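Subject: Structure handover

Hello,

Here is the structure for you to take over. My notes on what was found in it follow below.

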Amino acid sequence: MKYYVYNKFSNNGILPKISEDIKLVEAVGLDYQKFFEELNQEDEVVFLGGDGTVNYLINNINVNELKNNVYLKANGTGNDFINDIEANVNDEILLNPYLKNLPSVNINGKNLFFINNVGFGIDGYCCEVADQMKAKEPNKVIDYSAIAIKGLLFHFKPCHASVTVDGKTYEYDNVWLAPTMKGRYYGGGMKVAPDQDRNSDKLSVVIYKSRFKLVALANFPSIFKGEHIKNKKLTTVLSGNDIHVKFSRPCAAQIDGETELNVTEYTAKL
């Protein structure tokens, strides 16, 4: 049997067109571990969602013990994973090959896995503001670009960042972004780490910095095409297996688009 697991809060509660002769399972309140334990080996599971759906999956079951084929069918606002692997958003994408050797992040005393990235800076701020907006208006369509622009201009203040990669420490002032990337994309299509290969044995940390907010804002659109890395004054990219980022003050962070508040530092490992 094929089971379709959906989140009624994903994509404003709108489900994609699927066959009527399938088994729908509501994700909210579902005990993932028990659910998979009760499946037959030939059963298949399709998750309807986006990056947050995959993140929830990998942090609620032991993916190394999966006996079933698991698929993802796009039905979320964030599909950066699908974009990164250059898959068709209309397809049911087999997830199993991508659930091996996942990177982890230690953040606020928790150890979590991620499929795309852990972000720190104005990206976390955007997710924090978006969460507040959704809490007030659950069906509101969120314009993350507008949140970022207002943050760059008025609300988010850059930080000093200490970045340690495989034991070597670097110091940066006026940091707006410092995400660690497993894939190339985040934020609904921003090509933050254009040279990152999710199949490699390295992660990339991208430091976007400027003392002038108008310079940071003027160059921000270049991130969508991955052209920001050409400006070495603004952007530094480092790669390694063990990445520690510490900010001079607490900020919101995001893990595959899921918000983590009051974060001062994180350590990502692959």
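D84, E86, R184 and R198 are joined in a network of salt bridges. This is a predicted model, and the contacts described here are computed from it. By the rule used, the salt bridges come to seven in total. Side chains of opposite charge can pair when their charged atoms come close.

Three of the individual pairs are worth going through.

- K2 and E44: their side chains meet in a salt bridge, with 4.0 Å from N to O. Because K2 belongs to strand β1 and E44 to strand β3, the pair ties together parts that are 42 residues apart in sequence. K2 counts as partly exposed, at 28% relative accessibility.
- K110 and E260: the closest N and O atoms of this salt bridge are 2.9 Å apart. K110 is in strand β7 (residues 110–113) and E260 is in strand β17 (residues 258–269), so parts 150 residues apart in sequence are tied together. E260 counts as buried, with 12% relative accessibility, whereas K110 counts as partly exposed, with 37%.
- D242 and K269: here the closest N and O atoms of the salt bridge are 3.8 Å apart. D242 lies in strand β16 and K269 in strand β17, so this pair ties together parts that are 27 residues apart in sequence. D242 is partly exposed, at a relative accessible area of 30%. K269 is also partly exposed, at 44%.

Next, the sheet. Five strands form an open sheet in the order β2-β1-β3-β4-β5, and the pairing is mixed. At the edges are β2 (23–26) and β5 (92–94), each of which pairs on one side only. From one strand to the next, the twist averages 30°.

Strand β1 (residues 2–6) has parallel pairings with β2 and with β3. With β2, the pairing runs over four bridges. Two positions in β1 show the register: the bridge partner of Y4 in β2 is L24, and that of Y6 is E26. With β3, the parallel pairing covers five bridges, and Y3 has V45 as its bridge partner there. The salt bridge between K2 and E44 also links β1 with β3.

A helix packs on this sheet. Helix α2 (residues 51–58) lies across β3 (44–49) and β4 (69–74), and runs at about 135° to β3. How many of the eight residues of α2 are buried? Six of them are, so α2 is mostly covered by the cut-off of under 20% relative accessible area. The buried residues are D51, T53, V54, N55, L57 and I58.

On to the nonpolar cores. The largest has 49 residues, and V163, V205, V245, F247 and Y266 have the most contacts inside it. Strand β16 (residues 242–255) gives the most to this core, with six residues. Leaving aside residues up to four places away in sequence, V245 touches F120, S162, V163, A178, V205, T264, E265 and Y266. A second, separate core holds 28 residues, including L30, F47, V70 and I82.

Last, the cysteines. How many disulfides does the structure hold? The count is zero. C127 is in no disulfide, and the nearest cysteine sulfur, that of C126, is 6.9 Å away. C127 is buried, with a relative accessible area of 10%.

Why is C159 not bonded to C251? The sulfur of C159 is 3.6 Å from the one in C251, which is its closest cysteine sulfur, and that is too far for a bond. The cut-off is that the two sulfur atoms must be within 2.5 Å, so this pair does not count as a disulfide. C159 is buried, at 2% relative accessibility. A disulfide is a covalent bond between the sulfur atoms of two cysteines.

If you look at a few places in the viewer, I suggest the network of D84, E86, R184 and R198, then the salt bridge between K110 and E260, and then the sulfur atoms of C159 and C251.

Regards

Methods: Residues are numbered from 1 along each chain as its sequence is written. This is a predicted model: local features need pLDDT of at least 70, side-chain atom pairs count only at pLDDT 80 or more; totals for chains, interfaces and linings use all residues. Side-chain values use heavy atoms; hydrogens and water are left out. Two strands pair if DSSP finds at least two bridges between them. Axes are lines fitted to C-alpha atoms, for helices over the stretch in contact, and angles run from 0 to 180 degrees between N-to-C directions. Contact means heavy atoms within 4.5 Å. Buried means under 20% relative accessible area, exposed over 50%, partly exposed in between (1.4 Å probe, protein chains only). A nonpolar core is a set of buried Ala, Val, Leu, Ile, Met, Phe, Trp, Tyr and Cys residues joined through side-chain atoms within 4.5 Å.
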